[in-house]
Every structure is written in structure tokens, then in C-alpha cells.
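Dear colleague,

I am passing on the structure we spoke of, and my notes on it follow below. Please read them with the coordinates open beside you.

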Amino acid sequence: MYRTVLVATDGSKRARRALTAAVRMVRGTAARLIALHVRPTYISTVSMAPDAIMIIDKGEFDAHSRRAAERILGDAREYALAQGVKCRTIAVSSAGVAKA
């Protein structure tokens, strides 16, 4: 029926429900499952707290974003494997997450 099923995930409960549905669609077929996570790109920002100003460093932002993507996609892969489905994972970066 399907050759490839692509499921986007951000680690939320809603994304887990989509992953669960995608795994059900793929299980027992020759189709492959791909989990996609879109990381936001760095936009220079300053966070104002009552007693402090925090400048968010691009390197720190990128490292945090990469670690979050690895965790989210790792969880998706582990879930799929536990259900007997192989899952390829892809992380991409985009300023317009909704457009990715």
C-alpha cells in the first residue's frame, strides 16, 4: 500500500500519537518509516528578566537544539523498534519550521 511513511515529531504528546499511527501503518508491510524533526535556526535574541539581560549565544543555541533533536528522534526510533518497525531519522534546520 505505502512505500514510505514520513512522520514529523517535536516530542509532544500529539506527535507521539502521530508516530503511533505511523508505526501501525508500517508494521507488517514492506514500507519504511522516516521520523523528521525540524530544528529552528538561530535568530539573535535578547531575553529580558526583571534583574538581568541574557544574550543567547548562537553556539549555545545550536548545541541545545541539536541535543533536543537527538533526544526527540532517539525516542521515536526506540519506540518504533520496540514495536518491531525500523525507523530512519532526519533532523533539518529551518527558520520557518512550518514551511520545512
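The accessible surface of the chain comes to about 7100 Å², and carbon and sulfur atoms account for 55% of that area. Please bear in mind throughout that this is a predicted model. Of the 100 residues in the chain, 30% are buried, and among the contacts with a separation of 6 or more, 66% are made by residues 24 or more positions apart.

As for the overall architecture, the chain contains two helices and five strands, and the order of these elements, read from the N terminus, is β-α-β-β-β-α-β.

Three of the strands form an open sheet, in the order β1-β2-β5, with parallel pairing. Because β1 and β5 (residues 87-94) stand at the edges and each has a single partner strand, one side of each is left without a neighbour in the sheet. On average, and with direction ignored, neighbouring strands of this sheet are turned by 25 degrees against each other. Between strand β2 (residues 32-40) and β5, which run parallel, there are eight bridges, and you will find Ala35 standing opposite Thr89 in β5.

Both helices are placed against these strands. Helix α1, which spans residues 13-26, lies across β1 and β2 and runs at about 170 degrees to β1. Helix α2, which spans residues 58-82, packs on the sheet, where it touches β2 and β5, and its direction makes about 160 degrees with that of β2.

Two further places may be worth a look on your screen. The first is Met1, which lies in the segment before β1 (residues 4-8); since its relative accessibility is 94%, and the cut-off for exposed is over 50%, Met1 counts as exposed. Together with Tyr2 and Met25, Met1 makes a nonpolar surface patch of about 410 Å².

The second is Ala30, which is found in the loop between α1 and β2. With a relative accessible area of 82%, Ala30 is likewise exposed, and its C-alpha atom is separated by 8.8 Å from that of Thr4, although the two residues are 26 positions apart along the chain.

With kind regards

Note on methods. Residues are numbered from 1 along each chain as its sequence is written. This is a predicted model: local features need pLDDT of at least 70, side-chain atom pairs count only at pLDDT 80 or more; totals for chains, interfaces and linings use all residues. Side-chain values use heavy atoms; hydrogens and water are left out. Patches are made of residues with over 30% relative accessible area and no salt bridge: like charges are joined within 9 Å, nonpolar side chains (Val, Leu, Ile, Met, Phe, Trp, Tyr) within 5 Å. Accessible areas come from the Shrake-Rupley method with a 1.4 Å probe; for residues, only the protein chains shown count as cover. A salt bridge is a side-chain nitrogen of Lys or Arg within 4 Å of a carboxyl oxygen of Asp or Glu. Helices (H or I, at least four residues) and strands (E, at least two) are DSSP runs, numbered from the N terminus. Buried means under 20% relative accessible area, exposed over 50%, partly exposed in between (1.4 Å probe, protein chains only). Two strands pair if DSSP finds at least two bridges between them. Axes are lines fitted to C-alpha atoms, for helices over the stretch in contact, and angles run from 0 to 180 degrees between N-to-C directions. Contact means heavy atoms within 4.5 Å.
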